[in-house]
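This report goes through one protein model, from its strand pairing to its overall dimensions. The sequence and the coordinates are shown first.

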Amino acid sequence: GSDAPTALGCMYSIGAIAQESNGKITAAVSDLLEEFGVDSARIYINFFDMPRANVGWSKRTFAG
């Protein structure tokens, strides 16, 4: 019901999704976005742990 600034982010990782690191990332992103007028209560970040076979890079996947 508000038109206040809002942010939605997605964080993809290969095996490093954990409560402690997710909290640190959320705090750092919130601090950064608050400088642009986005209240931390309006910042949403989804965390996804990706299987190595589902991430491609440099003509291959991280699974090989």
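## Strand pairing and the crossover

In this predicted model, Gly-9 stands opposite Ile-45 in strand β2. The pairing to which these strands belong is parallel: strand β1, residues 7–13, is joined to strand β2, residues 43–49, by seven bridges. Between the two strands the chain passes through helix α1, and the resulting β-α-β crossover is right-handed.

The order of elements places this crossover within the whole chain. The protein has one helix and four strands, and, read from the N terminus on, its elements run β-α-β-β-β.

## Helix α1 and the loop after it

Helix α1 covers residues 19–34 and includes Ser-30. Ser-30 counts as buried because its relative accessibility is 9%, which falls under the 20% limit for that class. When residues up to four places away in sequence are not counted, Ser-30 touches Ser-40 and Ile-43.

The loop between α1 and β2 contains Gly-37, a residue that counts as partly exposed at 47% relative accessibility. Gly-37 and Thr-6 are 31 residues apart in sequence, while their C-alpha atoms are 9.1 Å apart in space.

## The salt bridge

Side chains of opposite charge can pair when their charged atoms come close. The structure holds one salt bridge, in which the side chains of Lys-24 and Glu-20 meet with a distance of 3.2 Å from N to O. Lys-24 and Glu-20 are four residues apart in helix α1, and therefore about one helical turn separates them.

Both partners lie in the exposed class, with Lys-24 at 55% relative accessibility and Glu-20 at a relative accessible area of 59%. These two residues are classed as exposed because the limit for that class is over 50%.

## Aromatic pairs

A pair of aromatic rings is described by the distance of the centres and the angle of the planes. The structure holds two aromatic pairs. In one of them, the rings of Tyr-12 and Phe-48 have centres 5.0 Å apart and planes at 20°, so this pair is stacked. The pair links distant parts of the chain, since Tyr-12 belongs to strand β1 and Phe-48 to strand β2, with their positions 36 residues apart. Phe-48 counts as partly exposed, at 34% relative accessibility.

Trp-57 and Phe-62 also form a stacked aromatic pair, for which the distance is 5.8 Å centre to centre and the angle between the planes is 15°. Trp-57 is exposed, with a relative accessible area of 52%, whereas Phe-62 counts as partly exposed at 30% relative accessibility.

## The loop between β3 and β4

Ser-58 lies in the loop between β3, residues 56–57, and β4, residues 60–61. The phi angle of Ser-58 is near 55°, which is a positive value in a residue other than glycine. With a relative accessible area of 49%, Ser-58 is partly exposed; the exposed class would require a value over 50%.

Lys-59 is likewise placed in the loop between β3 and β4, and Lys-59 has a positive phi of about 70° although it is not a glycine. At 90% relative accessibility, Lys-59 counts as exposed.

## Overall dimensions and contacts

How does the radius of gyration of the protein stand beside that of a compact globule of 64 residues, and what is its value? The protein has a radius of gyration of 15 Å, whereas a compact globule of that number of residues would have one near 11 Å. Taken along the principal axes, the box filled by the C-alpha atoms of the protein is roughly 45 × 25 × 20 Å.

Of the 64 residues of the protein, 11% count as buried, and Ser-30 is one of the residues in this class. Among contacts between residues at least 6 apart in sequence, 71% join residues at least 24 apart. The pairing of strand β1 with strand β2 and the stacked rings of Tyr-12 and Phe-48, 36 residues apart, are links between separate stretches of the chain.

Methods: Residues numbered from 1 in each chain as written. Predicted model: local features only at pLDDT ≥ 70, side-chain atom pairs only at ≥ 80, totals over all residues. Heavy atoms only, no water. Buried < 20%, exposed > 50% of the residue type's maximum accessible area, 1.4 Å probe, protein only. Contact = heavy atoms within 4.5 Å. Pairing = 2+ DSSP bridges. Right-handed = clockwise from strand over helix to strand, strands pointing away. Phe/Tyr/Trp six-rings, centres within 6.5 Å; stacked < 30°, edge-to-face > 60°. Salt bridge = Lys/Arg side-chain N within 4 Å of Asp/Glu carboxyl O. Rg over C-alpha atoms; globule rule 2.2 N^0.38 Å.
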